[in-house]
Amino acid sequence: MFLSKIGTPCKFLSSTMEYEHETLRKHHPMQEPCNSHIFHIQFSPCYFTVRKKREIEIPFYNAWIQPYSWLHDESRNMSPLKSLPAILPDPLLQVAQLARLDRRPEKIDLTIGVYRDQHGQTPVLESVKSAEKHLLETERTKSYLSTDGVEQFCEEITGFLLPRGEVTCSDIVTIQAVGGTGALSLAAEFLCRFTKNRTVWVPVPAWSNHVPVMERSGLTVRRLGRSDSLGRRDFPAFMRVIRHQARPGDIILLQPGCHNPTGDDWTDEEWSAIADACIASRLIPILDVAYHGLGRGLHDDISRVHRVFSQAEIAFLSYSCSKNFSLYRERVGALIVGGLKRGLAMAIHPHLSAIARAAYSMPPSHGGSIVGHILANEALRRIWIDELADMQNRLGKIRSTFACHQALAGRDLRHVADGHGMFTLLPLSEQNLIHLRKKHAIYIPSSGRINLAGLNAGNLSRFAYALSQLNNQSAVSA
Ligand SMILES: Cc1ncc(COP(=O)(O)O)c(C=O)c1O
């Protein structure tokens, strides 16, 4: 599971309730305040220096924006910060936190992108447990790693993802990253420093963190593609931009499969055409692979990357081990750079190391050591592959079973059956989402993206029924 952003829920403060609700309504007019949103947080150390250590109770909704408004004039004069504008919380984390707070036993949480088994759990894999046991017994030091991370991890993951026989780049460089997000960040920062155009094309729709990560590095983000309310791909529009609008040296951020948030992947033919057009237009691809093995399978999911790495002058692979190794909070991923020109990727390596060194010095060792050991150990690797295949099969079954409920749900769900990976989109209005939360304890982010792994035999029919009630609801209000 992802680490929680703020503290644990606790008691209500009825004396401040009126004030809290008023603030809540002001900032979030669409959301009905409710007492269960009262939250207990401790402010960060920098706030303590201004206000002295104390605990206060504030509504969950305001947890991210409240600290500023709690700085009274007197304390603000003492603050080293001139201005600290309020920002809105990440809408996905916000609704995930609401789901965590809801104690109703029938709750269905379809928010954060974590795999869940049929019991709604995100268990530690057996292969991971065995690797951890091995580490506990054999680890002899906690001394620093290099900026590249765990050597065995870098070696094993490179050989596993880009075996020499399948990929014909001249050289490849791998650096362990702080999850897939860290890998994207490293790539973006490097490309912002060393490309002339400093422009990245990010498809519509995209993972909600793609644009923030690219912009944080200083790149200019341009969008390509177009989609309907189900986020379905528009191949001709996509190709037009690649061929006619993007300039040589621009960057393009692509998800080869298990598209987040839609699950609507390119066909093989479309992917080949996109890869060829990117190469012909001399774009620099960043391939974001965060669900390897959860779509068509380990081989087919990565073969799309092989095609690009075998042809591109330079290509970046951002790889996350969060989902397929179920190692979310260990923050393990990799950035792999491949190039056709001998020496190019090698020349890039010290720059990536320098960026990592300045940002965080080195990645944590635990997750990388686990993945490295699993991949290096034949028996453990087999166990992991079986565990991954179970996850993939379960997701496939949920897709087809949910799609079979379309009559009950009263809406077309064929796109769910056709999709791949963990997600699908449902066109739901803000009112629909609030209705689902309040009446049915069903939590879906404002984008309408559904984590299908949150569905199981025990809740699928109820979810479909709740969707059908939305149809009635809009019919009544129409
Ligand atoms: C498409 C995509 N890329 C990258 C990531 C980042 O993964 P990580 O949690 O390893 O940082 C995610 C996580 O949800 C994702 O969906």
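1. A good place to start is pLDDT, the predictor's confidence in each residue, on a scale from 0 to 100. What you have above is a predicted model, where local features need pLDDT of at least 70, side-chain atom pairs count only at pLDDT 80 or more, and totals for chains, interfaces and linings use all residues. Residues are numbered from 1 along each chain as its sequence is written, and side-chain values use heavy atoms, with hydrogens and water left out.

2. The protein has a mean pLDDT of 85, with 82% of its residues at 70 or more. Residues 1-72 have pLDDT below 50, yet this stretch has 135 contacts (heavy atoms within 4.5 Å) beyond near neighbours in sequence. Residues 474-478 are also below 50, and there the model has 0 such contacts. Where pLDDT is low, the predicted coordinates should not be read in detail.

3. Now have a look at two helices, H10 (residues 235-245) and H11 (residues 268-280). Helices here are DSSP runs of H or I with at least four residues, strands are E runs of at least two, and both are numbered from the N terminus. How do H10 and H11 pack? Their axes are 10 Å apart at an angle of about 10°; axes are lines fitted to C-alpha atoms over the stretch in contact, and angles run from 0 to 180 degrees between N-to-C directions. H10 is therefore roughly parallel to H11 (an angle under 35 degrees).

4. Which residues meet there? From H10 come Phe235, Phe238, Met239 and Ile242, and from H11 come Glu270, Ala273, Ile274, Ala277 and Cys278. This contact has 8 nonpolar residues, no polar ones and 1 charged. Ala, Val, Leu, Ile, Met, Phe, Trp, Tyr, Cys and Pro count as nonpolar, Asp, Glu, Lys and Arg as charged, and the others, Gly among them, as polar.

5. Next come the cavities: sets of points on a 1 Å grid over the protein atoms alone, where a 1.4 Å probe fits but cannot get out. There are 4 of 30 Å³ or more, a volume being the space filled by probe spheres set on the points. The largest holds about 210 Å³. Of its 23 lining residues (those with an atom within 4 Å of a point), Pro203, Pro205, Phe238, His259 and Trp266 are closest to its centre. The lining divides into 10 nonpolar, 7 polar and 6 charged residues.

6. The second largest cavity holds about 70 Å³. Its lining includes Cys258, His292 and Arg304. Strand E8 (284-289) and helix H12 (298-311) each give two or more residues to that lining, with H12 providing the largest share, 3 residues.

How values were computed:
Angles under 35 degrees count as roughly parallel, over 145 as roughly antiparallel, 65 to 115 as roughly perpendicular and the rest as oblique. On a 1 Å grid over the protein atoms alone, a cavity is a set of points where a 1.4 Å probe fits but cannot get out, and a pocket is an open set with protein on both sides within 12 Å along at least five of seven lines; lining residues have an atom within 4 Å of a point.
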